[in-house]
Every structure is written in C-alpha cells, then in structure tokens.
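Trainee: Got a minute to walk through this one with me? I'd like to go from the inside outwards.

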Amino acid sequence: MRVRAGEPRDATDLRRLLEGIVGRRLEPELVGELNAQLLRFLGGEGTTLVVLEDDGRVVGAVTLWLRRGLYDDGPVAVVDRLVLEPGYQSPENALRLLEQAFGVARTVGALDVEVLDAEGSYLPEAALEALGLEPARLWRRRML
C-alpha cells in the first residue's frame with residue numbers, strides 16, 4: 001500500500017468510495033458532477049486530495065483545504081472527510097492518510113489543523129489521539 005496525491009484518474013475509485021458511503025450506485029448525472037467536482041478540487045488553490053492505494057486501486061482518501069479566518073494568526077488546514085473501504089478501515093490506515101495530510105498542512109504553513117467529523121468519515125480515536133488532536137465544538141445545519 002502507498003499514500004499519494006490524488007489524480008483525475010482516481011475518479012472511478014473515488015466514485016466507488018462515495019457509493020459505499022451512501023449505500024447505492026450513483027445516477028449518471030451525479031457521476032458527471034462528481035467528476036467535475038474532482039477536477040475543480042484538484043485544480044483549486046489551497047485544496048489537496050490524498051489517497052491510499054493498494055495494488056493500483058484507491059481504497060481510501062482524505063480531503064484537505066486551507067481557510068484563512070479573520071481572527072486566525074495564519075492559515076488553518078481543514079480535513080473535512082476521510083473515507084476508507086470497509087476492508088481497509090483500521091486506525092493504522094486512517095493514520096497513514098492523516099499523517100500525509102498533516103505533512104501537506106505543514107508544507108503550506110498552516111498553524112492549526114482541524115478535522116471535521118463529517119458524515120461517512122472514518123475517524124478512529126486511536127488515530128486522532130496519535131496525532132495529538134483534541135475534541136472541539138461544532139454546530140451544523142443542512143441548508144437544503
């Protein structure tokens with residue numbers, strides 16, 4: 001297994017991961033939108049996709065983006081989703097992805113890292129604690 005930067009060629013495997021989260025196959029129009037979003041994300045400033053690959057197939061991914069808040073001393077890196085195929089869900093694999101994401105955060109000068117517990121994310125406490133993360137408060141409301 002290896003951890004690497006995500007690429008456009010990963011679209012099919014990323015779709016499969018998303019279908020695993022939602023529990024159904026995506027309709028063709030949603031597949032097209034997902035592919036477009038992947039290209040926007042990969043080409044965006046301050047966004048990073050890291051994938052875990054096993055035997056040429058993406059089995060996990062983590063997304064990271066930078067935010068600059070009015071009251072922050074510097075950029076804050078935000079991990080907003082970490083997904084792993086069920087057979088690969090382990091604290092060790094989550095830690096592999098998070099360590100790479102944290103490395104990217106350091107490289108771009110982030111002063112803090114936030115990990116959001118988004119729906120479908122796999123965030124075992126052992127991996128979070130190994131990185132020294134502490135719980136924080138968050139409220140959320142769906143706008144649709």
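**Core first, then the surface**

Mentor: Sure. In this predicted model, the largest nonpolar core has 23 residues, and V62, L82, L84, L97 and L98 have the most contacts inside it.

Trainee: Which element gives the most to this core?

Mentor: Start with the elements that put in two or more residues: β2, β3, β4 (76-84), α3 (91-107) and α4 (125-130). Of these, the top contributor, with 8 residues, is α3.

Trainee: And how many residues are in the other core?

Mentor: That one lies apart from the core we just discussed. L14, V51, A61 and V83 are among its members, and the count is 9 residues.

Trainee: Is T63 buried or exposed?

Mentor: T63 sits in strand β3 (residues 57-67). Leaving out residues up to four places away in sequence, it touches F41, T48, L49, V78, V79, D80 and R81. Buried means under 20% relative accessible area. T63 comes in at 17%, so call it buried.

Trainee: On to helix α2: how far apart are its end C-alpha atoms?

Mentor: Helix α2 (residues 28-43) has 16 residues, and at 1.5 Å a residue it should span 22 Å. The model agrees with that, because the end C-alpha atoms are 23 Å apart.

Trainee: What arc do the buried residues of α2 cover around the axis?

Mentor: The buried ones are V31, L34 and L38. They are on the same side of α2, because they cover an arc of only 60°.

Trainee: Which exposed residues does the face of α2 turned away from its buried side carry?

Mentor: Get the covered side straight before you flip the helix: what covers the buried residues includes α1 (11-22) and β2 (47-54). On the face turned away from the buried side, you'll find E29, L39, R40 and G43.

Trainee: Now salt bridges. R15 and E19 meet in one, so how far apart are they, N to O?

Mentor: Residues R15 and E19 are 4 apart in helix α1, so about one helical turn separates them. R15 is buried at 19% relative accessible area, and E19 is buried at 10%. Their side chains meet, N to O, at 3.3 Å.

Trainee: What about E7 and R9: what is the N to O distance there?

Mentor: Here E7 is partly exposed, at 30%, while R9 is exposed, at 53%. Their side chains meet in a salt bridge, N to O, at 2.4 Å.

Trainee: Last one: how many salt bridges does the count come to?

Mentor: Besides those pairs, R67 and D72 meet at 2.6 Å, and R2, R4, D10 and E53 are linked in a network. The count comes to 12 salt bridges.

Conventions
Residues are numbered from 1 along each chain as its sequence is written. This is a predicted model: local features need pLDDT of at least 70, side-chain atom pairs count only at pLDDT 80 or more; totals for chains, interfaces and linings use all residues. Side-chain values use heavy atoms; hydrogens and water are left out. Buried means under 20% relative accessible area, exposed over 50%, partly exposed in between (1.4 Å probe, protein chains only). Contact means heavy atoms within 4.5 Å. The expected span of a helix is 1.5 Å times one less than its number of residues. The arc is that of the directions from the helix axis to the C-beta atoms. A nonpolar core is a set of buried Ala, Val, Leu, Ile, Met, Phe, Trp, Tyr and Cys residues joined through side-chain atoms within 4.5 Å. A salt bridge is a side-chain nitrogen of Lys or Arg within 4 Å of a carboxyl oxygen of Asp or Glu.
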